[in-house]
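Biologist: Could you take one part of this model and go through it closely with me? I'd like the loop and what packs around it, and then how that part sits in the whole thing.

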Amino acid sequence: MDKNDKEIFLDALLKGDMRKGSAIAKKYVASHDDIKNFYEHVIKPSLYKVGEMWEYNVITVAAEHLATAVSESIMNELYEYVISEERTPYKIVLGCIENEQHQVGVKMIADVFEMHGWDALFLGANTPTDDFISYIHETNPDLIGLSLSIYSHVPIFDKLVLKVIAVHLKQVE
Ligand code: B12
């Protein structure tokens, strides 16, 4: 991995330079491990840095939104390299709990499951608890992946998990 890629990518995010960001991404499409490295060691630290810059008023909310939008577009561009030809019979439902907007991290996890041949059903940001539960029981996944970044959302997470367990117990009764 080229150590400069992270700096160049961060600069592209802050300038909204899709072409430059995309060019870095294309260096990581040879294998699934390369994509995972790109997610974990280029996009993630760049967005963490963006968060820090926003927290200390070095950049505006607009610049932070731009950086996220560019990151998400680039991940979508990579999707054709994410999909695996070899499929498993497994299925995972993933998403952000109610009120939670931070969806980039859990989308990365969805992509990693896809790379391993799972059907990854990604619900995105802010999924209402009752709808999340209905979807889980409709699709009967092998695994559920929930995401939250904001501490005050923990009670919503607890509520969702407890409801899923309660419905499941009722079904096996
Ligand atoms: C982009 C961003 C936003 C965007 C999100 C848009 C989007 N489409 O996702 C917007 C503008 C909406 C936003 C809003 C807010 N944000 Co914000 N945001 C960020 C920022 C800069 C990047 C988030 C990100 O994508 N990170 C990169 C991903 C890859 O990292 P990740 O989420 O940690 O995911 C990795 C792991 O955690 C893990 N993972 C994540 N989910 C899951 C799920 C499973 C199942 C598994 C196995 C693993 C896993 O795997 C991922 C890959 O390694 C962060 C900075 C940061 N440190 O992350 C702040 C940050 C998270 N935000 C913060 C805050 C405070 C807010 C707001 C409250 C601001 C406000 N006052 O309005 C709101 C809250 C919105 C809400 N209700 O959720 C704080 C949170 C502090 C805290 N924990 O309390 C941060 C840390 C910024 C900061 N330094 O202060 N934000």
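**A loop and its surroundings**

Modeller: Let's start at N57, which is exposed because just 7 other C-beta atoms lie within 10 Å. For that word the cut-offs are these: 20 or more other C-beta atoms within 10 Å of a residue's own makes it buried, 12 or fewer makes it exposed, and anything in between is partly exposed, with the C-beta atoms placed from the backbone. Keep in mind that this is a predicted model: local features need pLDDT of at least 70 and side-chain atom pairs count only at pLDDT 80 or more, while totals for chains, interfaces and linings use all residues. Residues are numbered from 1 along each chain as its sequence is written.

N57 sits in the loop between α3 and α4. Helices here are DSSP runs of H or I with at least four residues, strands are runs of E with at least two, and both are numbered from the N terminus. The backbone is worth a look too: phi of N57 is near 60°, a positive value in a residue other than glycine. Most residues other than glycine have a negative phi.

Now for the two helices on either side of that loop. The axes of α3 and α4 come within 10 Å of each other and cross at roughly 170°, which makes α3 roughly antiparallel to α4. Axes are lines fitted to C-alpha atoms, for helices over the stretch in contact, and the angles run from 0 to 180 degrees between N-to-C directions. Under 35 degrees counts as roughly parallel, over 145 as roughly antiparallel, 65 to 115 as roughly perpendicular, and the rest as oblique. On the α3 side the contact is made by I43, L47, V50 and W54, and on the α4 side by V61, E64, A67 and S71. Two residues are in contact if their C-beta atoms, placed from the backbone, lie within 7 Å. By class, the residues of this contact divide into six nonpolar, one polar and one charged. Ala, Val, Leu, Ile, Met, Phe, Trp, Tyr, Cys and Pro count as nonpolar, Asp, Glu, Lys and Arg as charged, and the others, Gly among them, as polar.

Back along α3 (residues 32-55) you'll find K36. K36 is partly exposed, with 16 other C-beta atoms within 10 Å. The C-alpha atoms of K36 and M108 are 8.3 Å apart, although 72 residues separate the two along the chain.

Both helices also meet α2. G21, I24 and A25 are buried in α2, and, seen down the helix axis, the buried residues fall within an arc of 105°, so they line one face of α2. That arc is the one of the directions from the helix axis to the C-beta atoms. The buried residues of α2 pack against α1, α3 and α4 (61-77).

As for α1 (residues 4-15), its axis is 8 Å from that of α2 (residues 18-25), and the two pack at an angle of about 150°. That makes α1 roughly antiparallel to α2. D5, I8, F9, A12 and L13 of α1 make the contact with K20, G21 and I24 of α2. This contact has five nonpolar, one polar and two charged residues.

There's another positive phi to compare: N140 has phi near 50°, and N140 isn't a glycine either. N140 lies in the loop between α7 (129-139) and β3 (143-147), and N140 counts as exposed, with 10 C-beta neighbours inside 10 Å.

Next door in that loop's part of the chain is P141, and its C-alpha atom is 5.2 Å from that of I92, 49 residues away along the chain. I92 belongs to strand β1 (residues 91-96) and is buried, with 20 other C-beta atoms within 10 Å. Leaving aside residues up to four places away in sequence, I92 touches F113, W118, A120, L121, P141, D142, L143 and G145.

Zooming out, the protein has eight helices and three strands, running α-α-α-α-α-β-α-β-α-β-α from the N terminus. Buried residues make up 24% of its 173 residues. Among contacts between residues at least 6 apart in sequence, 76% join residues at least 24 apart.
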